[in-house]
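Reader: I am in my first year and would like to learn how to read a protein model with care. Could we go through this one by question and answer?

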Amino acid sequence: MAGIHFSFDNFKQLMKLNIGISDRLDENRAESFTLLYCNFDGISDELVENSLLDILRTSDSIVNHEGDYFFVLPYTDKYGAEIVKKMFDEFFEKYLDFFMLSYPADGETAEELFGTMQDSVSTFYKKDLHCLDRFSKQYN
């Protein structure tokens with residue numbers, strides 16, 4: 001098992017791709033995919049890589065900017081994403097800061113999902129995800 005790692009520069013295109021696939025294949029527009037954010041600051045790159053190999057499916061996508069990791073989990077609702085997050089907690093033997101959003105329930109465009117993610121992580125963890133600024137409408 002292992003997710004597929006994408007460049008952070010391609011994050012918006014990856015989100016648009018997953019939205020397009022979901023719209024094409026999921027007519028009832030249920031929670032088609034979940035975007036899971038985890039803060040891996042302070043964890044060695046080698047240990048993070050080992051966790052990704054052990055926990056993620058080959059259909060999962062990974063994008064990171066430094067210690068901020070974003071996982072696109074297709075056909076996974078928030079309950080399923082919570083299980084993935086708990087697996088990371090157990091792997092690292094510590095509670096990780098995280099947040100999750102599902103498409104389309106929490107946003108119908110990549111920009112909406114990025115904006116909600118920024119606002120939510122800032123509110124709940126007092127951490128700014130300025131790395132997502134480039135994907136908002138004002139920068140495009």
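Reader: In which loop does E93 lie?

Author: Helices (H or I, at least four residues) and strands (E, at least two) are DSSP runs, numbered from the N terminus. On that numbering, E93 follows the stretch 78-92, and its place is the loop between helix 3 (78-92) and strand 5.

Reader: Before we go on, what kind of model is this?

Author: Residues are numbered from 1 along each chain as its sequence is written, and side-chain values use heavy atoms, with hydrogens and water left out. Local features need pLDDT of at least 70 and side-chain atom pairs count only at pLDDT 80 or more, while totals for chains, interfaces and linings use all residues, for this is a predicted model.

Reader: What is the phi of E93, and is the residue buried or exposed?

Author: Most residues other than glycine have a negative phi, and most peptide bonds are trans. E93 is not a glycine, yet it has a positive phi of about 55°. Buried means under 20% relative accessible area, exposed over 50%, and partly exposed in between, with a 1.4 Å probe and protein chains only. Since the relative accessible area of E93 is 74%, the residue is exposed.

Reader: Where is K126 found, and what is its relative accessible area?

Author: K126 is found in the segment after helix 4, and although K126 is not a glycine, it has a positive phi of about 55°. K126 counts as exposed, because its relative accessible area is 71%.

Reader: Which residues does the cis peptide bond join?

Author: The second of the two residues, P104, is found in the loop between strand 5 and helix 4 (110-125). The omega is about 5°, and the bond joins Y103 and P104.

Reader: What is the order of the strands in the open sheet?

Author: Two strands pair if DSSP finds at least two bridges between them. The open sheet has five strands with mixed pairing, in the order 1-3-4-2-5. Its edge strands, each pairing on one side only, are strand 1 (4-6) and strand 5 (98-103).

Reader: Which residue is the bridge partner of F6 in strand 3?

Author: Strand 1 and strand 3 (residues 61-65) run parallel and are joined by three bridges. Within strand 3, the partner of F6 is V63.

Reader: How are the rings of F33 and Y103 arranged?

Author: Rings of Phe, Tyr and Trp (its six-membered ring) pair if their centres lie within 6.5 Å, and planes under 30 degrees apart count as stacked, over 60 as edge-to-face and the rest as tilted. F33 in strand 2 (residues 33-39) and Y103 in strand 5 are 70 residues apart, so to read this pair is to link distant parts of the chain. Both residues are buried. With centres 5.3 Å apart and planes at 10°, the pair is stacked.

Reader: Why does C38 form no bond with C131, and how many disulfides are there?

Author: A disulfide is a pair of cysteine sulfur atoms within 2.5 Å. The closest cysteine sulfur to that of C38 is in C131, and because it is 14 Å away, it is too far for a bond. C38 is buried, with a relative accessible area of 0%, and C131 also counts as buried, at 11%. By this rule, the number of disulfides is zero.
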